[in-house]
Amino acid sequence: MIDCAIVGGGPAGLSAGLYATRGGLKNVVLYEPGLPGGQITQSSEIENYPGVFREEPPVTGMELMEQWQEQCFHFGLKHEMQKVERVRKEGDRFILTIEGADSVEAKTVIVCTGSVPKRAGFKGEEEFLGRGVSTCATCDGFFYKDKPVTVVGGGDTALEEAIYLSNICSDVYLVHRRDRFRAAPITVERAKAKSNIHFIYDSIVEEVYGDQMGVQGVKVRNRKSDKIEDLQTPGVFVFVGHNVNNEVLKDDNGGFICEMNAYGNAVVDLRMRTSVPGLYAAGDLRIDAPKQVVCAAGDGAIAALEAIAYVEENS
Ligand code: FAD
Ligand code: NAP
């Protein structure tokens, strides 16, 4: 039986893996279907993770997270490239249903499944996803070198990624549905200082159009005047928030195995304990998550320390 199963290999999961292995648990397995690192690997720069800073070129999310995996694996964390479908508790053990494989048993489980990018919901968004519509500037920005692009959204991600794209692309049209931003004021100021970022307020993307080759342009409607503007950009970057990955905590009756809030986040206490003994939730999945790498890492460490104590007490 696994001592500690960790579901999800973002900052919370990797940090939990580091603390659980160094803390003496013998069999610690990280379930992550992709490369470990989580959402931050999509980011072109991270400058608010303490102790890791480079002005030019900035540290990328990928660069940051590569070091985390190496450190974890060095201390004995095992990585299974598998998706966990469900977690349930039977007596004093947990059963993890693994996609395409046999179930596994664990003494304790730390769920760190984070979130995924939301869709804005405009016509052509799905059709052109990966062919002009993107949710990752680091991955796709270079395809639009010296070309104009559209960015959708008004949060930290949209503004930061618009700044990143402005250094590669000729022009960045930032389409936001309101006239005020959710992003941090300092980030908004930085974006405004870029002469090739053009702000289109109170507007939504109606449609992305193109052909077999990909996107040719974007139709943007002003919500106040109803005027349609045609932006002839071959790239459209959508940064409109995330959905919580909480499927793994669902039960067979459409509910959840532990207490959740109205937004689908796992309710935890300051020790990352869910309402089920031995089950922990960490990172963006939990209630009141600040959605920061440093906080997710802290959560993972707390959850692992609790898991160690739980295994000791229940062995
Ligand atoms: P995630 O990073 O979302 O990782 C969850 C992992 O779980 C994923 O790898 C996923 O594949 C895996 N998973 C999901 N379901 C399952 C399953 N069923 N079975 C197994 N594995 C599963 N934060 C900052 O502090 N500074 C920044 O500058 C910053 N910039 C950002 C820029 C962008 C573009 C984005 C998207 C986010 C940014 N953030 C930033 C936020 C930060 O990335 C997140 O808060 C952080 O990654 C959350 O970590 P996590 O471990 O909780 O979840
Ligand atoms: P977010 O803060 O939820 O912002 C989403 C933005 O998209 C909002 O401006 C929202 O508009 C807009 N939007 C939502 N649905 C839309 C739709 N259907 N059509 C058009 N626009 C839509 O998401 P985020 O920017 O991805 O950030 C997520 C979290 O990560 C936040 O907590 C953020 O602070 C954090 N983060 C932090 C950093 C950093 O600290 N450096 C960097 C990136 C992300 P409204 O404003 O009108 O709601």
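## Two domains and two ligands

An oxygen atom of ligand 2 is 2.9 Å from an N or O atom in the side chain of Thr157. This is a polar contact (a pair of N or O atoms within 3.5 Å; within protein, one must be able to donate a hydrogen and the other to accept it, and residues adjacent in sequence count only if both atoms are side-chain atoms).

The model is predicted: local features need pLDDT of at least 70, side-chain atom pairs count only at pLDDT 80 or more, and totals for chains, interfaces and linings use all residues. Residues are numbered from 1 along each chain as its sequence is written, chains are lettered from A and ligands numbered from 1 in the order in which they are written, and side-chain values use heavy atoms, with hydrogens and water left out.

**Ligands.** The polar contacts of the two ligands include these.

| Ligand atom | Protein partner | Distance |
|---|---|---|
| ligand 2, oxygen | Asn48, side-chain N or O | 3.2 Å |
| ligand 2, nitrogen | Glu160, side-chain N or O | 2.5 Å |
| ligand 1, oxygen | Ile40, backbone N or O | 3.5 Å |
| ligand 1, oxygen | Ser115, backbone N or O | 3.4 Å |
| ligand 1, oxygen | Val293, backbone N or O | 2.8 Å |

Taken alone, ligand 1 exposes 1,000 Å², and the protein buries 90% of that. Accessible areas come from the Shrake-Rupley method with a 1.4 Å probe; for residues, only the protein chains shown count as cover. Around ligand 1 there are 33 residues; Glu32, Asn48, Val84, Asp284 and Val293 come nearest. A residue counts as around a ligand if one of its heavy atoms lies within 4 Å of it. Ligand 2 has 18 residues around it, with Asp156, Thr157, Glu160, Arg178 and Arg182 nearest.

**Domains.** The domain assignment of the chain gives domain 1 (2–117 + 242–313) and domain 2 (133–238). Such bounds come from an automatic or database assignment. The contact (heavy atoms within 4.5 Å) takes 6 residues from domain 1 and 7 residues from domain 2. The C-alpha centres of the two domains lie 32 Å apart.

Domain 1 and domain 2 bury about 600 Å² between them, 43% of it on carbon and sulfur atoms. Buried area is the accessible area (1.4 Å probe) that two parts lose on being put together, summed over both. In domain 1, Gln42, Ser44 and Glu45 lose the most area to domain 2, together 62% of what that side buries.

Across this interface the rule finds 1 salt bridge. The term means a side-chain nitrogen of Lys or Arg within 4 Å of a carboxyl oxygen of Asp or Glu. Arg190 forms a salt bridge with Glu47, their closest N and O atoms being 2.8 Å apart.
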